[in-house]
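Hi,

Here is the structure I promised to send over. Have a look at it first, and then read on for my notes on what turned up in it.

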Amino acid sequence: MPFGMEDFKEIENVDRLRVIIMDHMDYYPLTAFKSLRPKEQKRFNEKLNEYIKELPEDKCDWNAKMQDDFNEVCVREIFTEDFDPSKVPVYTGAYKEEQDALIEEEKVREEQYRIQRKEVEDVWKANQETEEEITE
């Protein structure tokens, strides 16, 4: 199946395409799309469409091609001898839906923990009261 809109929902695809296309445009591969001027964003989208049109039809094939291109850029431009991960900007909010889902999951886990803790405290108190009754 050819690359389609559904494939943009996978974060890995979006990240790999951004790195590949930024490199094709002679930008540093980790450049954020939002940091480009509108005219350059349009050029990026044109290059992206060209790249996608050239991908093989089969998902396994286009995935392998994209991964090979991504790896080549990473080795050549990113993971060089002078690479310093502390200087790579970390962008938050790029995947707001995923972040929101993680926050919701964390809230659920915290609530489950509070419930379990309360249950354990109740059992402990009941045991303490039972021991006190026995010793009296």
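Arg-117 is partly exposed, with a relative accessible area of 46%. Before I go further, please keep in mind that this is a predicted model.

I started with Arg-117 because its side chain meets that of Glu-121 in a salt bridge, at 3.3 Å from N to O, and Glu-121 is partly exposed too, with a relative accessible area of 33%. Both residues sit in helix α4, which covers residues 96-135, and they are 4 residues apart, or about one turn of the helix.

A second pair turns up in that helix. Lys-118 and Asp-122 join their side chains in a salt bridge, this one at 3.0 Å from N to O. They are 4 residues apart in α4, so about one helical turn separates them. As for exposure, Lys-118 is partly exposed at 46% relative accessible area, and Asp-122 is partly exposed at 35%.

How many salt bridges does the structure hold? The count is 14. Some of the residues involved are linked up in a network: Asp-23, Glu-72, Arg-76 and Glu-77. As general background, side chains of opposite charge can pair when their charged atoms come close.

One more salt bridge deserves a look, the one in helix α2. There, the side chains of Glu-40 and Arg-43 meet at 2.8 Å, N to O. The two are 3 residues apart in α2, so they are separated by about one helical turn. Is Glu-40 buried or exposed? Glu-40 counts as buried because its relative accessibility is 11%, and the cut-off for buried is under 20%. Its partner Arg-43 is partly exposed, with a relative accessible area of 30%. Setting aside neighbours within four places in sequence, Glu-40 is also in contact with Met-25 and Tyr-27.

Now for the nonpolar side of things. The largest nonpolar core has 20 residues, and those touching the most other members are Phe-3, Leu-17, Ile-21, Phe-44, Tyr-51, Leu-55 and Met-66. Which helices each supply at least two residues of this core? They are α1 (11-24), α2 (38-54) and α3 (59-78). Of these, α3 gives the most, with 6 residues.

If you want one residue to click on in that core, try Met-66. Not counting residues up to four places away in sequence, Met-66 touches Phe-3, Asn-13, Arg-16, Leu-17, Ile-20, Tyr-51 and Leu-55. Several names there will be familiar from the core list, including Phe-3, Leu-17, Tyr-51 and Leu-55.

Last, the cysteines, since you may well wonder about them at the bench. How many disulfides does the structure hold? The number is 0. For reference, a disulfide is a covalent bond between the sulfur atoms of two cysteines. I looked at how accessible two of the cysteines are. Cys-60 counts as exposed because its relative accessibility is 60%, and exposed means over 50%. Cys-74, on the other hand, counts as buried, at 8% relative accessibility.

That's what I have for now. Shout if anything is unclear when you open it up.

Cheers

Note on methods:
Residues are numbered from 1 along each chain as its sequence is written. This is a predicted model: local features need pLDDT of at least 70, side-chain atom pairs count only at pLDDT 80 or more; totals for chains, interfaces and linings use all residues. Side-chain values use heavy atoms; hydrogens and water are left out. A disulfide is a pair of cysteine sulfur atoms within 2.5 Å. Buried means under 20% relative accessible area, exposed over 50%, partly exposed in between (1.4 Å probe, protein chains only). A nonpolar core is a set of buried Ala, Val, Leu, Ile, Met, Phe, Trp, Tyr and Cys residues joined through side-chain atoms within 4.5 Å. Contact means heavy atoms within 4.5 Å. A salt bridge is a side-chain nitrogen of Lys or Arg within 4 Å of a carboxyl oxygen of Asp or Glu.
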